[in-house]
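Here are some notes to go with your first look at this one. Have the viewer open and follow the points in order.

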Amino acid sequence: MQNKFNTTQDWLAFDRAHLWHPYTSMHEPLPCYPIVGAEGVYLKTAEGKKLIDGMSSWWCALHGYNQDILKNAAYEQIETMPHVMFGGIAHQPAAELAVRLIEILPKGFEHIFLADSGSIAIEVALKMALQYWQSAQMPQKNTLLTVRGGYHGDPFSCMSVSDPENGQHHLFPRAITKHLFAPRPKSRFDGPWDEEDLTPIQQSLERHHNDIAALIIEPVVQGAGGMWFYHPAYLRGLRRLCDDYNVLLIFDEIATGFGRTGEMFAMSHAEIIPDIVCVGKALTGGMMSLAATVTTPKVAMAISQGAVPILMHGPTFMGNPLACAIACASIDLLTGQQDGSLNSSPLYPKGWRYKVQQIERGLQSLHDIADHKGVSDVRILGAIGVIEMEVTVDVGKLQKTLVSKNVWVRPFGKLIYIMPPYIIEPEELQKLCGAIIETIRTHY
Ligand SMILES: *Cc1c(COP(=O)(O)O)cnc(C)c1O
């Protein structure tokens, strides 16, 4: 590639004038930080600074950056076949990935749709649910039920089940299908369980179950909708109610999967399984976009033996072999499966669980700021640390201070939160937490 820009300032100015970044304006957007490399837990800036990445590139880069094992998996697959269509063609990387997903998911999931991004995995899950009831000769069951404070992606189908206020539903009255919302569960993950949390869901099901196809929710951790950690007993209640009222249960594990909450999947905190689960984000260790919608034989076979016996979806890059090969390498790296047997992982000699628990212990230092002015709550679960402020934070101002302290954290709304790569060392984690605490003390 012949570069068209000579200096960082040149391409950065062009970026600012021509490229949209997530949720930004083209008119005087907040400045972006030029990043020129990434290695281990660090992002390298154009000025030569190294920032500790507290975001894992939005939950994805769970092993950090520039890992040889993932890069080698990519090189090998590029040499043989980076992409072929999945229609009428099968390839080993997809089968290798599917068998790994079935192995690491709780028992019961057997049928897999490989989507090209998390949102598409959600779209497919919703379609599965609607097609399931069509096949069952109950097409009127086509409404969805969910809780407030959720986030399932930005396309309209995903927005329609994400929080109506965060998602600004009022802007798109014709494009967003109206679904049913209940309040989010109030019982904290680490607090007492209050059975009352289930009452609004039960009432909604009692009234509308003839119209409801599925209940969709992020298990245990609501991510981009507010970083709320709720009690796993809620999920057991949902499973029971969905069975009682003949409604499918869909879990969105796109943010929580692959060990982030301390269990391989967040649903394991509740020891139940949904009918359909979506995974994504960390699936490829943060190297490429890939996601999966996984379901049980009950759902898959009902759809496949209905009046329209095909699942109506097939994106261009479905089952992309390059992404599948990297995902296999990332899962093997996480679980410590080398050469088909369970040796220890080169990154996690004591296992990923030990590493996540070590991070969870390190994150406890965030509690030091709990009583500070402006802070309303501190909560920690697995490798996720959240500081909730009383009012919306000034992202530009805070981020400038954080970067000056050599850490990368991107607050949103009232939340200053981190979910670092699992390879982070305890000293690096203390620097990261320390920088956040100092930043809050500076500004509040
Ligand atoms: C990020 C996210 C999505 C959307 O995934 P994309 O890959 O961004 O399309 C859906 N659900 C949850 C819980 C997420 O965190």
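1. Start with the mixed sheet. Four strands make up an open sheet here, ordered β1-β2-β3-β17, and their pairing is mixed. At its edges sit β1 (35-39) and β17 (407-408), each of which pairs on one side only. Keep in mind throughout that this is a predicted model.

2. Now look at how β17 joins that sheet. Strand β3 (residues 50-53) and β17 run parallel, joined by 2 bridges. If you want a spot to click on, Ile 52 has Val 407 in β17 as its bridge partner.

3. Next, the other sheet. This one is open too, with 3 strands in the order β15-β16-β18 and antiparallel pairing. Its edge strands, pairing on one side only, are β15 (375-381) and β18 (415-418). From one strand to the next, the twist averages 10°. Helix α11 (residues 352-363) packs on this sheet and touches β15, β16 and β18, with its direction at about 160° to that of β15.

4. Follow the strand pairs one at a time. β15 and β16 are antiparallel partners over 6 bridges, and Ile 380 stands opposite Gly 385 in β16. The two strands form a hairpin with 2 residues between them, and Gly 382 in the turn has a positive phi of about 55°. On the β18 side, β16 (residues 384-389) pairs in the antiparallel sense over 4 bridges; there, Ile 387 has Ile 416 of β18 as its bridge partner.

5. Is β16 buried or exposed? Of its 6 residues, 5 are buried, so the strand is largely enclosed by the rest of the structure.

6. Helix α5 (residues 118-135) gets a similar check. Of its 18 residues, 13 are buried, so this helix is also largely enclosed by the rest of the structure. Its length works out as well: at 1.5 Å a residue, α5 should span 26 Å, and its end C-alpha atoms are 25 Å apart, which agrees. After the helix comes Gln 137, with a positive phi near 65°.

7. Just ahead of that helix, have a look at Asp 116, in the loop between β4 (111-115) and α5. Why does Asp 116 count as partly exposed? Its relative accessibility is 24%, and buried would mean under 20% while exposed would mean over 50%, so Asp 116 falls in between. Leaving out neighbours within four places in sequence, Asp 116 is in contact with Ser 289, Leu 290, Ala 291, Pro 315 and Phe 317. Asp 116 and Asn 320 are 204 residues apart in sequence, yet 7.8 Å apart in space, C-alpha to C-alpha.

8. Last stop: a helix pair. Two packed helices are described by the angle between their axes and the distance between the axes. For helix α4 (residues 92-104) and helix α10 (residues 321-335), the angle is about 35° and the axes are 8 Å apart. α4 passes α10 in a left-handed crossing. On the α4 side, the residues making the contact include Leu 97, Arg 100, Leu 101 and Ile 104, while those from α10 include Ala 325, Cys 328, Ile 331 and Asp 332. Sorted by class, the contact has 11 nonpolar, 1 polar and 3 charged residues.

Definitions and conventions: Residues are numbered from 1 along each chain as its sequence is written. This is a predicted model: local features need pLDDT of at least 70, side-chain atom pairs count only at pLDDT 80 or more; totals for chains, interfaces and linings use all residues. Side-chain values use heavy atoms; hydrogens and water are left out. Two strands pair if DSSP finds at least two bridges between them. Axes are lines fitted to C-alpha atoms, for helices over the stretch in contact, and angles run from 0 to 180 degrees between N-to-C directions. Contact means heavy atoms within 4.5 Å. A crossing is left-handed if the near helix is turned anticlockwise from the far one by less than a right angle, and right-handed if clockwise. Ala, Val, Leu, Ile, Met, Phe, Trp, Tyr, Cys and Pro count as nonpolar, Asp, Glu, Lys and Arg as charged, and the others, Gly among them, as polar. The expected span of a helix is 1.5 Å times one less than its number of residues. Buried means under 20% relative accessible area, exposed over 50%, partly exposed in between (1.4 Å probe, protein chains only).
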